[in-house]
Amino acid sequence: MASEKRLEVVTCTAPVNIAVIKYWGKRDEELILPINSSLSVTLHQDQLKTTTTAAISRDFTEDRIWLNGREEDVGQPRLQACLREIRRLARKRRSDGHEEPLPLSLSYKVHVASVNNFPTAAGLASSAAGYACLAYALARVYGVESDLSEVARRGSGSACRSLYGGFVEWQMGERADGKDSIARQVAPESHWPELRVLILVVSTEKKPTGSTAGMQTSVETSALLRFRAEALVPARMAEMTHCVRERDFQAFGQLTMKDSNQFHATCMDTFPPISYLNDTSRRIIQLAHCFNAHHGQTKVAYTFDAGANAVIFTLDDTVAEFVAAVRHSFPPELNGDKFLKGLPVEPVPLSDELKAALGTDPTPGGIKYIIATQVGPGPQVLDDPGAHLLGPDGLPKAAA
């Protein structure tokens, strides 16, 4: 931690996670407690991450926050819940008497600046990365070392899963106070090195129905949602954990697709219905099934969160061919050279047989770009003072 002019400052990064067994619906809106457990894959921060700087100083007169360069309302209830929880934990740690008294007063106000290197609110789990990063940075600056599941969860439910790398389970818990609704790692990021992730960005627009409002309506109106949560998800959690531990891509891929389809079915079963998928999303689903049928096995698996963008899981030996299939089916309009971001993928030709199997007429420009990534680690602290988003005055640095 650097100390600049009575400023205590820390900068962290945190990853995006993609659920393969979906969380949809809360049993407690305020504490953000889910009606079912979920399981996710943490994506690598080299491609997708939130960076957050938190600074506290006796000179600050109020809490302030900047997101992607713009100052936001620090009074947002979820933001306030995170701040309250961190300060409570910091006070508790001090009153326990195990530690030296913290050198900083807990009455100090905090300034926070956060940036995403990917589209916000477009269904790429930006709130999960954002609140995990916020919880992690606040914990470091206030000297809190306990489990941060509860802090992150109060900001965004799925954020607790971004506190760990690899494969992560969010246990729904049973207690009314939510103390047992926590995230834990099922397997580390090094566990399945061949697994690759392709994000097919269909839309960078803000989604029409936000997750919070959508979930609430689903809980109130969808009988299918309740059936899914109570009768189906517990067995699916056990099966998915087994697939991950055994690195069984066939079973992992099939269950991932089925759970995504079922989540979107519950959205359609909501009244009035919610549709996060668009025509391009549905064409991607068709493409994946045609590709798998051609190979006679599950080589790729799609999953969609509450948005139109597809996340494809595959193994490293299939990436190049599937990217070629995507290019064939969704020819890039103008940005051919910038169509693929992230991990490098060697271009390969498509066989005539596979082209014929893909069938449908190409849809130029249907996919804006692809981000190629892999499974990655949990939050990191950046030691380089140059990485701080806030200057010595506690205000955002001017963009370079």
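**View 1. Strands β3 and β6 run side by side in opposite directions.** In this predicted model, strand β3 (residues 17-21) pairs with β6 in the antiparallel sense, and four bridges link the two. To find your place, look for N17, which stands opposite T42 in β6. Strand β6 has a partner in β11 (residues 167-170) as well: this pairing is also antiparallel and also has four bridges. Here a good place to start is S38, whose bridge partner in β11 is W170.

**View 2. Strand β6 is covered on both of its faces.** In a regular strand, side chains alternate between the two faces of the sheet. Now try this on β6, which spans residues 38-42. Which residues share a side? S38, S40 and T42 are on one side, while L39 and V41 are on the other. Five of the five residues in β6 are buried.

**View 3. C12 is a buried cysteine without a disulfide partner.** A disulfide is a covalent bond between the sulfur atoms of two cysteines. How far is the sulfur of C12 from the closest cysteine sulfur? The distance is 5.8 Å, to the sulfur of C133. The cut-off for a disulfide is 2.5 Å, so this pair is too far apart for a bond. A search of the whole structure gives the matching result: zero disulfides. C12 has a relative accessibility of 0%, so it counts as buried.

**View 4. H388 and T11 meet through their side chains.** H388 is found in the segment after β18 (380-382). Is H388 buried or exposed? Its relative accessibility is 5%, so H388 counts as buried. The side chains of H388 and T11 are joined by a polar contact of 2.6 Å.

**View 5. Helix α6 has a cap at its N-terminal end.** The cap is D248: one of its side-chain oxygens lies 3.3 Å from the backbone nitrogen of Q250. You can also check the length of the helix yourself. Helix α6 has 21 residues (249-269), and at 1.5 Å a residue it should span 30 Å. Its end C-alpha atoms are 30 Å apart, so the model agrees with the expected span.

**View 6. Two domains share a contact.** The chain is divided into domain 1 (7-189 + 382-387) and domain 2 (195-374). Taken over C-alpha atoms, the centres of the two domains are separated by 27 Å. Where they meet, domain 1 gives 32 residues to the contact and domain 2 gives 48 residues.

Technical notes. Residues are numbered from 1 along each chain as its sequence is written. This is a predicted model: local features need pLDDT of at least 70, side-chain atom pairs count only at pLDDT 80 or more; totals for chains, interfaces and linings use all residues. Side-chain values use heavy atoms; hydrogens and water are left out. Buried means under 20% relative accessible area, exposed over 50%, partly exposed in between (1.4 Å probe, protein chains only). A polar contact is a pair of N or O atoms within 3.5 Å; within protein, one must be able to donate a hydrogen and the other to accept it, and residues adjacent in sequence count only if both atoms are side-chain atoms. The expected span of a helix is 1.5 Å times one less than its number of residues. Two strands pair if DSSP finds at least two bridges between them. Domain bounds come from an automatic or database domain assignment. Contact means heavy atoms within 4.5 Å.
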